[in-house]
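Open the model in your viewer and keep the sequence panel beside it. The stops below can be selected one after another.

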Amino acid sequence: QGMAGILHVARPGMDIQEADLLRNFVLHHFASPSKQYKVHQTLWLPVEQATGDLEGLRAVVEEFLRSNGYGNSGIYTGCRQWLSSVIGDATEPGEVEARVEAALELLLKYAQEPRLVPSCTAMPPPLPRSKRRKVVPGVGVVSVG
C-alpha cells in the first residue's frame, strides 16, 4: 500500500492541512514506503487518534514542542527543530530512522497522557506542569529546570 494512502498531495483548489505537512515531514525520514506505512499505522495514526481531531492534534503537538523548548517558532518549524536535534549527527539511514521512531514514541506517550479538562462541573482546574521536559537523544524525556 505504501505512501499513496498516507501522504496528502494538494490538488488545485484543495488546501493542505498543517497536520498533513507535519505527517509528511516526519514520515519522509523513513526510506522505504513499507517502513513509512508501518510508522504511520503504529505511531502517527495513534497520535492523531489520541488527540481526537485536528485542533487536538495541533494543541498536543504545540504543548509537546513547547515543553521541550521548541514551541516559539510555530508548529511546523518547531517540529523541524525538534527532529533535527533528535537526529543530531546521525547519518546512517537506519540510525536516523531509529531516532525519529523513538521520538515519535515519546510524542505518542505524551499524546496519551491523561489531561484534566475543565468543564462546567465541579472539576478542579488543570495542574500546571511544574517542570519542563526535554528529549535527549538516546536517553528519552528528562525533566529540566
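Is Leu-43 buried or exposed? Select Leu-43, which is found in helix α2. Its relative accessible area is 6%, so Leu-43 is buried. Now add Leu-106 to the selection and draw a C-alpha to C-alpha distance. The two residues are 63 apart in sequence, and the distance comes to 9.7 Å. Leu-106 is itself one of the buried residues of α5.

**The whole chain**

Zoom out before going further. This is a predicted model, and every value in the tour is computed from it. Colour the chain by secondary structure: there are five helices and two strands. Followed along the sequence, they come in the order α-α-α-α-α-β-β. The chain has 145 residues, of which 37% count as buried.

**Helix α2: Gln-36**

Return to helix α2, residues 33–51, and select Gln-36 within this helix. The relative accessible area of Gln-36 is 11%, so this residue is buried as well. Which backbone atoms does the side chain of Gln-36 reach? Show the backbone oxygen of Leu-27, which lies 3.3 Å from the Gln-36 side chain. Then show the backbone oxygen of Phe-30, which the side chain of Gln-36 reaches at 2.8 Å.

**Helix α1: Asp-20**

Select residues 18–27, which form helix α1, and pick out Asp-20 there. Asp-20 has a relative accessible area of 11%; under the 20% cut-off, it is therefore buried. Display the side chain of Arg-23 too: the side chain of Asp-20 makes a polar contact with it at 3.0 Å.

**Helix α4**

Next, select residues 75–87. This is helix α4, with 13 residues, and from first C-alpha to last it reaches 18 Å, close to the 18 Å expected at 1.5 Å a residue. Which residues of α4 are buried? Highlight Ile-75, Gly-78, Cys-79, Trp-82, Leu-83, Val-86 and Ile-87. These residues cover an arc of only 165 degrees around the axis, which puts them on the same side of α4. The spacing is worth recalling here: an α-helix has 3.6 residues a turn, so residues three or four places apart point the same way.

Step just past the end of α4 to Gly-88, which takes a positive phi of about 55 degrees.

**α1 against α4**

Show α1 and α4 together. Two packed helices are described by the angle between their axes and the distance between the axes. For α1 and α4 the angle is about 15 degrees and the axes are 10 Å apart. That makes α1 roughly parallel to α4. The crossing of this pair is right-handed.

**Helix α5 and its crossing with α4**

Keep α4 on screen, hide α1, and select residues 93–112, which are helix α5. The end C-alpha atoms of α5 are 28 Å apart, which agrees with the 28 Å that its 20 residues should span at 1.5 Å a residue. Colour the buried residues of α5: Val-96, Glu-97, Val-100, Glu-101, Ala-103, Leu-104, Leu-106, Leu-107, Leu-108, Tyr-110 and Ala-111. Among them are two glutamates, Glu-97 and Glu-101.

How do the axes of α4 and α5 lie, and at what angle do they cross? They come within 9 Å and cross at roughly 125 degrees. α4 and α5 are therefore oblique to each other. In passing α5, α4 makes a right-handed crossing.

**Last stop: Val-86 and Val-96**

Select Val-86, in helix α4. With a relative accessible area of 4%, Val-86 is buried. Add Val-96, listed above among the buried residues of α5. Val-86 and Val-96 are 10 residues apart along the chain, and their C-alpha atoms are separated by 8.7 Å.

Definitions and conventions: Residues numbered from 1 in each chain as written. Predicted model: local features only at pLDDT ≥ 70, side-chain atom pairs only at ≥ 80, totals over all residues. Heavy atoms only, no water. Helix = DSSP H or I, 4+ residues; strand = E, 2+ residues; numbered from the N terminus. Expected span 1.5 Å × (residues − 1). Buried < 20%, exposed > 50% of the residue type's maximum accessible area, 1.4 Å probe, protein only. Arc of directions from axis to C-beta. Polar contact = N/O pair within 3.5 Å; in protein donor to acceptor, adjacent residues only side chain to side chain. Axes fitted to C-alpha atoms, helices over the stretch in contact; angles between N-to-C directions. Parallel < 35°, antiparallel > 145°, perpendicular 65-115°, else oblique. Left-handed = near helix turned anticlockwise from the far one by under 90°.
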